[in-house]
Amino acid sequence: MDLISHLPALQVIVPMLSAPIIVLLHPRGLAWAGATLAALVSFAISIALAVAVLGGETQTYAMGGWPAPFGIALSVGGLSALVLLVVTGAAAIALLAARPSIDQQIELERQPMFYSAWLLGLAGLAGIVVSADAFNIFVFMEISSLASYVLIAGGPDRRALLAVFKYLIMGTIGATFYLIGVGLIYMMTGTLNLADMESRIGDVAQTRPVLVAAGFITIGLALKAAVFPLHVWLPNAYTQAPHMITVFLAACATKVSIYVLIRFDYMVFQPTMAEHDNQFALFLMPLALLGILVASAVAMFEGNIKRLLGTSSVAQIGYIMLGASFISLAGVEASVMHIFNHALAKGGLFLAVACIAYRFRDLRIQELGGVAKTMPFTCAALVLCGLSLIGIPGTAGFISKWLLITASLESGPFGWIFVAVILVSSLMAVVYIWRIVESLYFGGSANRDTVIAEAPLQLLVVTWIAALANLYFGFFPEVPLALADNAAGVLMGYGK
Amino acid sequence: MIFVFSLFLLSLLIIIAIAIVQAKNLFVSVMLLSIFSLLMATNFFILDAADVALTEAAVGAGITTVIFLSALALTAQRERKVVGGRTIALIAVGVLASLIIYATFEKPRLGDPNAPVHQHVAPWYLEKTPEYIDIPNIVTAVLSSYRGYDTLGEVFVVFTACIGVLFILGAKPASLRGERNVERAGLRHHLIPQVVGRLLVPFIVLFGLYVQFHGEYGPGGGFQAGAIIATGVILYALLEGEAAALRAIPRSVLLGLVVGGALLFGGVGVVCMFMGGAFLDYSVLQSDPVWGQQLGIVIIEAGVGMAVCGALLSIFHAFAAREIAQ
Amino acid sequence: MIDLAVDALSWVLLALGGICVLIGGVGALRFPTFYTRTHAASLTDTMATLLVFSGLMLQAGFTLATLKLLAIMLFLLLTGPTATYALANAALESGLKPEAPTIPGRTRKKADS
Amino acid sequence: MKLLELLGYYNYWVFAIALVIGLYAVISKTNLIKKLIGLSIFQSAVFLMYITMDKVEGGTAPIIKAGVEDQIYSNPLPQVLILTAIVVGVSTLALGLAIVVRVNERYGTIEESEILESD
Amino acid sequence: MTPQNTILIAICLPLIGMLGIIIAGRVSANLREAVTLITALCLAYVVWSLLPELMAGGRPGVEVTQLMPGISIAFRVEPLGMLFSALASGLWIINSIYSIGYMRGNKEKHQTRFYACFALALSATMGVAFAGNLFTLFLFYEILTLSTYPLVSHKGDAATVRSARVYLGVLLTTSIGLFLPAIIWTYVAAGTGDFVLGGILPGKLQDPEVGLLLGLFVFGIGKAAVMPVHRWLPAAMVAPTPVSALLHAVAVVKAGVFAITKIITYTFGIEFLFDSSSSGWMFYIAAFTILAASIIALRQTNLKRMLAYSTIGQLSYVVMAAAILKPLAEVGAAIHMVAHAFGKITLFFAAGAIYVASKKTELYQLKGIGRRMPWTMTAFTIGALSMIGVPPTAGFVSKWYILAGAFQAQNTWALFTIIGSTALNAAYFLPIIYMAWFAKEESGGKDHGEAPFPAVLALTLTAMLTLAFFIFNGPVIELESQVVQGLAP
């Protein structure tokens with residue numbers, strides 16, 4: 001077998017196997033270097049995979065050489081490739097910038113374990129995305145969850161511990177619900193392979209266990225994806241986590257759960273269970289709309305900048321869910337695109353916040369008055385990413401918003417309501433982003449006797465890379481669009 | 001006959017579960033929890049799941065209890081009176097329960113041989129294993145070859161938990177009073193437990209090794225073995241004091257075990273890749289694929305054993321050391 | 001003929017063992033003080049173990065199973081009393097003084113008064 | 001026979017009840033350790049569900065005995081899955097307890113209500 | 001240099017200039033302003049070099065990149081855009097000269113940021129002018145909004161920031177809330193957003209929807225300041241006067257009315273709208289805005305605020321002219337952009353000059369100021385007359401064409417509106433002129449002369465332009481008539 005065919009496996013193995021080695025790298029900075037290297041390699045792998053998928057065929061891999069329903073199969077299609085890009089890209093970017101901020105927040109002797117946990121988180125997320133086996137997804141879900149508990153618990157404030165405990169409880173319940181659902185389906189079909197499930201579930205589609213299983217899986221994953229109103233764990237966790245971890249998790253953690261939710265529902269349930277698509281839409285759409293409005297409204301009044309952005313993530317997840325709940329080609333494409341673009345915008349924003357936090361301990365907005373005078377570049381990047389989050393044309397955020405509005409206009413008589421909701425929440429986004437901007441640029445500079453300089457170069461450069469990516473993909477979104485097209489086609493069953 | 005017995009056990013399970021939730025003394029609930037796990041293990045055994053029963057007994061009833069107790073020693077013994085929030089919870093779980101029970105009445109009955117579960121994949125395992133892998137214990141075969149990737153993931157879950165606990169408890173305690181004062185004497189001054197314990201420890205470890213290497217033929221394998229050996233060492237630590245245990249197996253060695261085990265498992269997979277197979281495709285390890293499979297299984301089971309044993313012990317020590325630091 | 005006798009014997013042993021367990025349980029519930037209860041409970045993991053296992057061994061005959069049963073019995077006979085001892089000892093250390101043995105009636109009255 | 005039919009579902013009922021008992025503890029208890037205890041009941045209940053499906057009437061543990069023909073074996077797959085799940089459970093538990101210990105150090109209590117007051 | 005490149009250069013040039021300004025700003029103020037002037041000159045040259053081709057009837061266009069199928073960033077020069085870009089780029093030169101005098105005279109801070117953002121705003125203006133489809137138009141429209149925000153909030157004190165918040169709030173809310181959905185609706189309905197003469201919507205939409213879509217556009221393009229979305233314009237007056245002069249008399253506000261005119265001509269199509277019954281309301285809104293704005297202006301005491309409301313009124317002239325939906329009126333709309341630009345920029349220059357020289361901002365303070373600042377006040381008078389529409393000023397020409405269009409449409413309301421508003425304009429401009437020249441100055445005012453030379457030079461130039469346009473307006477009319485060629489009178 002040649003290297004290319006091994007890529008799906010390598011995507012997971014590389015970060016996973018480098019994690020134990022990292023633990024042993026004690027000399028200063030070595031652990032960071034190793035972790036960054038591993039992350040970059042897996043990013044390269046995901047790019048190669050994306051290229052291969054754009055080349056036309058879905059990449060599949062039989063673990064241990066055992067054929068599909070008996071062994072564990074991996075498969076990477078358009079959707080997986082895009083999410084992989086997001087996950088590995090976020091990890092690579094965050095790790096590249098991480099060192100100064102982490103040195104500030106984590107004691108030196110604990111850093112090797114921290115970085116190793118980071119790689120494990122990456123491996124877990126990647127493993128979820130590439131896997132085509134329901135139970136295997138659960139295992140890697142647990143790896144990533146445990147790793148992210150550890151990472152968040154690294155937060156300096158004592159509230160971090162409580163936040164992560166809540167997250168642990170919620171996450172475990174979610175995962176266990178998923179496990180129950182998978183068990184019920186397995187009970188009725190006798191297989192764990194997703195594709196095989198789809199082909200075998202048809203005969204038993206209307207039996208009670210399968211219906212209940214669909215419920216369990218949807219709720220469990222929604223819990224892990226922080227779909228409103230199951231999002232209560234998210235803002236605290238993001239606020240209290242170490243800054244670079246917030247960058248990493250905000251960019252991709254919940255996205256992966258959404259990915260599993262969408263994939264499971266579109267590929268296993270909807271083709272086989274009559275009326276399921278309507279149930280799915282009717283279940284998700286109200287939640288999505290409520291989430292968009294409520295979360296945006298709450299974000300407008302948040303005091304802490306990280307908490308504000310975290311809350312806005314809940315609203316953004318609402319967008320993704322809304323697109324998915326249209327059950328239409330355009331809708332799915334829009335939501336997949338938004339997975340990508342929101343990762344860009346939020347990642348950039350949190351990077352900028354990390355830069356600011358490197359200099360200022362207190363992240364309440366009114367305490368950040370006039371920061372722009374001392375950190376002009378950081379603030380400029382923050383504004384750029386903020387515009388992308390709002391969806392100003394020329395930024396990545398605009399693309400997905402455009403697609404989303406188009407999809408809602410096509411979605412039927414109620415389209416206008418969705419458009420209205422999207423626009424209103426965009427305006428709310430203007431408000432909460434501009435609260436930050438005004439404070440940064442025109443706020444009365446609080447009493448700071450300490451001399452403040454720009455953030456360290458390492459952080460700054462990476463932040464700007466992210467910011468410029470927001471611009472680049474605002475003007476040249478062909479690649480993600482192509483992947484999203486492919487994904488939507490496959491999910492809606494045109495690809496097969 | 002066996003059905004009636006299992007009915008009795010299951011009912012007991014429910015009763016104990018309720019007792020666990022009701023007990024106000026955390027120590028009591030933890031003890032009941034370990035009994036709960038033992039009953040669970042018994043049920044598993046009745047349901048023909050020998051490996052799972054062994055694991056549940058070793059991990060659920062053994063290790064879990066130890067960790068819980070060492071955590072309790074660092075925190076509170078009793079829980080405060082709960083105020084409110086019950087009715088909502090009751091309603092929620094009530095709905096959930098009725099939902100699941102609603103679902104049960106279209107499930108295949110217990111032991112129904114025509115259940116879909118027994119139709120599709122499972123028979124293939126039972127029928128092909130002698131041909132492809134040729135070891136008696138199908139569970140081990142599935143665990144370490146057909147679904148070896150899952151098992152790798154599982155090892156890494158344990159690994160994550162291990163470094164996680166080390167990371168979280170590695171933080172300096174808020175108040176470092178008397179850093180590592182006089183090491184606890186363990187049960188030195190109790191003659192009888194010490195003698196008996198000393199007598200038992202080697203046998204426990206021996207049994208662990210047996211379970212490890214007999215896994216292909218009988219119930220057992222890396223996880224169970226790792227857990228059992230860990231239990232033995234923990235018993236030693238209880239008798240001789242934690243410091244003595246650390247003298248016997250220092251932390252670095254434990255970490256080495258964890259890392260080594262994880263890497264051993266992964267390494268085998270990578271070697272398979274280099275020898276032209278898929279990841280974890282042991283058939284390529286030897287000229288004869290069946291031999292290759294068996295070889296691979298032995299190695300990765302060893303890796304699993306090392307990793308699990310090391311991880312559980314490191315976790316135990318992390319808690320115990322905390323105890324001393326306090 | 002002989003194996004019939006063996007069978008009968010084994011059943012007798014098993015029955016006795018069961019009775020021992022029962023007695024132990026009742027004692028553990030009904031006895032007044034901690035130490036007395038421990039004492040009662042300890043009956044189960046000495047006498048009962050011995051009887052039940054020997055009964056089972058007779059059932060099994062001369063096979064590998066017998067050997068295993070023997071090993072388990074030895075294990076239990078070693079650990080059970082030790083555990084009881086450790087329990088009582090811990091209680092003593094935590095300052096629970098054993099009272100003079102009393103019959104239930106008296107203690108109940110004492111409890112009333 | 002009808003009774004036995006119903007008894008065939010008894011395991012599933014026990015699974016359901018144990019599950020919700022655990023969940024109830026997780027939701028309603030404010031003591032963090034008690035929550036975790038509830039969590040582990042919650043998880044073991046799921047193990048019961050999986051193991052229940054692997055049973056086949058007249059079957060034995062799936063360990064092939066040499067020379068014995070037409071022997072019915074129970075389903076090995078759920079057992080494998082649950083072996084994994086058990087280890088996952090204990091890992092989560094260890095992590096949770098470590099966090100609780102740290103909480104106790106930083107806050108001096110493990111009662112959620114009191115912690116929320118102190119923040 | 002092919003026209004295609006010319007377009008791209010015209011858009012990139014200010015950006016390059018911006019970088020130059022930022023770099024030069026670290027060196028010295030003179031260098032920085034030199035860079036600004038040079039950029040302005042080059043830009044004007046580049047833009048004007050497109051004129052001959054346009055006159056010849058050419059419509060050069062270029063597509064930069066395609067974001068999504070059917071949605072691309074493309075540019076296409078046509079008479080309206082040509083006029084607008086030529087106007088903006090030309091006036092930028094004069095404005096730069098003026099800014100030098102003003103900013104130095106006032107010793108403003110952050111001057112580098114000021115000039116840089118100014119260049120950026122100009123680039124965005126060029127983008128709007130040359131936009132080849134709705135999406136591109138929207139893109140640069142938003143960039144224009146954002147790039148002017150720092151200019152408006154230039155002073156940075158609490159009051160300024162509050163006004164800037166209103167500015168940004170109104171413009172973003174309208175553009176995201178109404179303009180964007182309108183655009184997407186158009187794309188969904190017509191399948192494209194390109195600007196085609198005669199419109200892309202005819203036959204694609206039914207009657208009530210046409211009115212609704214038109215409403216989304218008219219109110220979505222907040223920059224046109226059609227009531228009730230005019231609030232941002234007075235708020236923006238906190239900006240330094242050069243900003244008010246070029247951006248809020250020419251670039252930004254004209255971008256608004258320009259966008260509306262362009263959408264009416266190239267997206268709806270004039271005849272299509274004229275035939276559709278549900279689009280009539282637009283005319284009345286515009287007429288109402290004209291009168292209301294004039295009346296409010298009457299009651300202002302602050303010079304710049306008065307000018308702002310007068311701007312609102314004058315902008316609605318353009319909208320109304322466009323809404324008359326007759327060829328001559330469309331031409332009138334185009335010409336009025338030019339005429340009003342010359343007049344209003346002159347007025348703002350004058351106001352700024354007065355502020356620099358005497359720090360006077362209120363009307364009552366202007367008694368007798370004409371004797372101290374003859375040049376300034378002469379220019380002011382000319383500008384005011386042009387606003388009223390008295391010959392021989394530019395204002396007369398445009399009003400003439402609009403009236404002609406009104407006759408074509410037999411639209412008596414238009415006549416009344418124009419007459420009424422003319423009277424009102426006179427009512428609020430003439431007293432100032434009278435006060436400035438003939439009233440006696442209060443004693444105790446600080447002694448001052450003319451504003452700095454560059455400022456005076458600039459406003460003199462624009463005043464002369466205002467007069468000149470009365471005579472030399474042939475080319476413009478000829479150019480704009482191309483837009484409405486082949487339409488029934």
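Mentor: A salt bridge is a side-chain nitrogen of Lys or Arg within 4 Å of a carboxyl oxygen of Asp or Glu. Keep that in mind as we look at this model, which is a predicted one.

Trainee: Thanks! Which side chains meet in a salt bridge between chain E and chain A?

Mentor: Look for A:Glu438 and E:Arg165, whose side chains come together at 2.8 Å, N to O. That distance counts because the cut-off is 4 Å. Across this interface the rule finds 1 salt bridge, along with 2 residue pairs in polar contact, both residues at pLDDT 80 or more.

Trainee: Which elements of chain E give two or more residues to the side that touches chain A?

Mentor: There are two strands and two helices to find: strand 1 (61-68), strand 2 (71-76), helix 6 (134-152) and helix 7 (158-190) of chain E. Helix 7 gives the most to that side, with 14 residues. By class, this side of chain E holds 20 nonpolar, 6 polar and 2 charged residues.

Trainee: How many residues take part on each side, and how much area is buried between chain E and chain A?

Mentor: Chain E brings 28 residues into contact with 27 residues of chain A. The area buried between the two chains is about 2500 Å², and carbon and sulfur atoms give 84% of it.

Trainee: Now for the whole assembly. Which pair of touching chains has the most contacts?

Mentor: Of the 5 pairs of chains that touch, chains B and D have the most contacts. Here 94 residues of chain B are in contact with 80 residues of chain D. Together they bury about 7800 Å², with 77% of it on carbon and sulfur atoms. On the chain B side, B:Val21, B:Asp48 and B:Arg109 lose the most area to chain D, together 9% of what that side buries.

Trainee: What does B:Asp48 meet in a salt bridge?

Mentor: Its partner is D:Lys55, and the two side chains are 3.1 Å apart, N to O. The rule finds 1 salt bridge across the interface of chain B and chain D, and also 15 residue pairs in polar contact, with both residues at pLDDT 80 or more. To see where chain B contributes, find helix 3 (residues 50-74), which gives the most to this side, with 12 residues. The side of chain B that touches chain D has 64 nonpolar, 15 polar and 15 charged residues.

Trainee: Which residues touch the most other members of the largest nonpolar core?

Mentor: They are A:Trp118, A:Tyr178, A:Phe264 and B:Phe319, in a core of 587 residues. Try selecting B:Phe319. Leaving aside neighbours within four places in sequence, B:Phe319 has contacts in chain B that include B:Ile67, B:Leu74 and B:Leu169. B:Phe319 also contacts residues of chain D, among them D:Ala94, D:Leu97 and D:Val101.

Trainee: And how far apart are the closest C-alpha atoms of chain C and chain D, or of chain B and chain E?

Mentor: For chain C and chain D the closest C-alpha atoms lie 16 Å apart, and no contact joins them. Chain B and chain E are also without a contact, with their closest C-alpha atoms 40 Å apart.

Trainee: Finally, how many helices and strands are there in chain C?

Mentor: Chain C has 4 helices and 0 strands, so reading from the N terminus you meet α-α-α-α. Of its 113 residues, 23% count as buried. Among contacts in chain C between residues at least 6 apart in sequence, 64% join residues at least 24 apart.

How values were computed
Residues numbered from 1 in each chain as written. Chains lettered and ligands numbered in written order. Predicted model: local features only at pLDDT ≥ 70, side-chain atom pairs only at ≥ 80, totals over all residues. Heavy atoms only, no water. Contact = heavy atoms within 4.5 Å. Buried area = accessible area lost by both parts, 1.4 Å probe. Polar contact = N/O pair within 3.5 Å; in protein donor to acceptor, adjacent residues only side chain to side chain. Nonpolar A, V, L, I, M, F, W, Y, C, P; charged D, E, K, R; others polar. Core = buried A, V, L, I, M, F, W, Y, C linked by side-chain atoms within 4.5 Å. Buried < 20%, exposed > 50% of the residue type's maximum accessible area, 1.4 Å probe, protein only.
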